[in-house]
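Q: Could you give me a close look at one charged side chain in this model and follow its contact to the partner? I'd also enjoy a short tour of other charged and aromatic contacts, with your reasoning spelled out.

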Amino acid sequence: MNVKEYRREGIFFVITGPSGAGKTTIMETVLGSDNRLSYSVSHTTREKRKGESEGEDYHFIEVDEFKKMKQEGEFVEWAEIYGDYYGTSKAEIDRIEGNGRDPFLDIDVQGAAQIRNNPEVKAVFLFVAPPSIEELRRRIENRGTENEETLNKRIRVARKELNRIREFDYLIVNEELDSAVADLRAIIRAERLKV
Ligand code: 5GP
């Protein structure tokens with residue numbers, strides 16, 4: 001008998017948080033040093049940004065193709081965000097689980113709610129928040145990627161998301177990167193030790 005069999009396997013980690021909260025940096029740091037985690041590459045209809053690559057950041061597809069996949073039930077969850085479609089395919093999750101890894105999903109609140117309502121999936125839900133809306137605004141401004149209109153839109157969406165923190169299992173407040181990374185590692189470690 002192997003006592004370790006009592007531990008859970010195949011845990012889904014779902015991370016959500018407003019853009020500008022530093023979610024990507026925290027996540028990449030942790031994924032880079034944990035080979036049991038595997039980033040789930042989503043499908044999206046949005047334009048590819050400079051520096052992004054097909055199959056690594058996203059699978060970039062046309063709206064028609066997305067709709068077809070949706071109709072055929074190929075997504076575990078999907079959402080429309082800022083006018084574009086995003087979804088996690090069943091094929092991607094099967095691939096990750098087939099490799100014996102834990103899927104790590106970076107998705108929005110709407111997608112997280114769909115996973116939560118799926119009785120077949122056992123997932124841990126994490127929310128990454130900025131210390132305050134004012135700080136979030138400062139960070140997005142400093143990043144210099146938005147104009148006044150898109151900045152305000154992102155802030156509005158962020159406010160709505162922050163109102164749903166209670167739906168999550170864990171809250172990581174990103175005041176300082178090292179500490180946020182340590183928090184994420186601690187959560188993953190504890191979840192893997194659960195019986
Ligand atoms: P971005 O366009 O900046 O890469 O992502 C915009 C938002 O879409 C982020 O909040 C990100 O978490 C979310 N997102 C990315 N992939 C998916 C997905 O497959 N499903 C859902 N529901 N949201 C996603």
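A: Let's begin with Arg-116, keeping in mind that this is a predicted model. Arg-116 has a relative accessible area of 29%, so it is classed as partly exposed. Its side chain meets that of Glu-167 in a salt bridge, with 3.4 Å from N to O. This contact joins distant parts of the chain: Arg-116 belongs to helix H4 (residues 109-116), while Glu-167 sits in the loop between H6 and S9, 51 residues apart. Glu-167 is also partly exposed, because its relative accessibility is 32%, and the class covers values between 20% and 50%. Glu-167 has another long-range relation, this one to Val-109: 58 residues separate the two along the chain, and their C-alpha atoms are 9.1 Å apart.

The chemistry here will be familiar from the bench: side chains of opposite charge can pair when their charged atoms come close. The model holds 12 salt bridges, so let's look at some others. Glu-135 pairs with Arg-139, with 3.0 Å between the closest N and O atoms. What separates these two within their helix? They are 4 residues apart in helix H5 (residues 133-143), which means about one helical turn lies between them. Arg-139 is partly exposed, because its relative accessibility is 21%.

Lys-194 and Glu-191 form a salt bridge as well, and their closest N and O atoms are 3.3 Å apart. Here the two ends fall into separate classes: Lys-194 is partly exposed at 39% relative accessibility, whereas Glu-191 is buried, with a relative accessible area of 4%. Salt bridges can also join up, as in the network that links Asp-34, Asp-102 and Arg-192.

Some acidic side chains gather with others of like charge instead. Glu-47, Glu-62, Asp-64 and Glu-65 make up a patch of negative charge on the surface. Patch residues have no salt bridge by definition, so these acids are not counted among the pairs above. Glu-47 is found in the loop between strand S3 (42-44) and strand S4 (58-60). Its relative accessibility is 67%, so Glu-47 counts as exposed.

Now for the aromatic rings. Phe-66, Phe-75, Trp-78 and Tyr-85 come together in one aromatic cluster. A pair of rings is described by the distance of the centres and the angle of the planes. There are 7 aromatic pairs in the structure. One of them is Trp-78 with Tyr-85: the ring centres are 6.0 Å apart and the planes meet at 50 degrees, so this pair is tilted. Trp-78 is partly exposed, with 30% relative accessible area, while Tyr-85 is buried at 15%.

Phe-127 and Phe-168 give us an edge-to-face pair, with 5.1 Å from centre to centre and 70 degrees between the planes. This pair brings us back to the loop we visited earlier: Phe-168 lies between helix H6 (148-162) and strand S9 (170-173), and its partner Phe-127 is in strand S8 (residues 123-129), 41 residues apart. Both Phe-127 and Phe-168 are buried.

If you look once more at the loop between H6 and S9, you will find Glu-167 there along with Phe-168. Glu-167 reaches Arg-116 through a salt bridge, and Phe-168 reaches Phe-127 through an aromatic pair.

Notes. Residues are numbered from 1 along each chain as its sequence is written. This is a predicted model: local features need pLDDT of at least 70, side-chain atom pairs count only at pLDDT 80 or more; totals for chains, interfaces and linings use all residues. Side-chain values use heavy atoms; hydrogens and water are left out. Patches are made of residues with over 30% relative accessible area and no salt bridge: like charges are joined within 9 Å, nonpolar side chains (Val, Leu, Ile, Met, Phe, Trp, Tyr) within 5 Å. Accessible areas come from the Shrake-Rupley method with a 1.4 Å probe; for residues, only the protein chains shown count as cover. A salt bridge is a side-chain nitrogen of Lys or Arg within 4 Å of a carboxyl oxygen of Asp or Glu. Lys and Arg count as positive and Asp and Glu as negative; His and the chain ends are not counted. The place of a charge is taken as NZ of Lys, CZ of Arg, CG of Asp or CD of Glu. Buried means under 20% relative accessible area, exposed over 50%, partly exposed in between (1.4 Å probe, protein chains only). Rings of Phe, Tyr and Trp (its six-membered ring) pair if their centres lie within 6.5 Å; planes under 30 degrees apart count as stacked, over 60 as edge-to-face and the rest as tilted.
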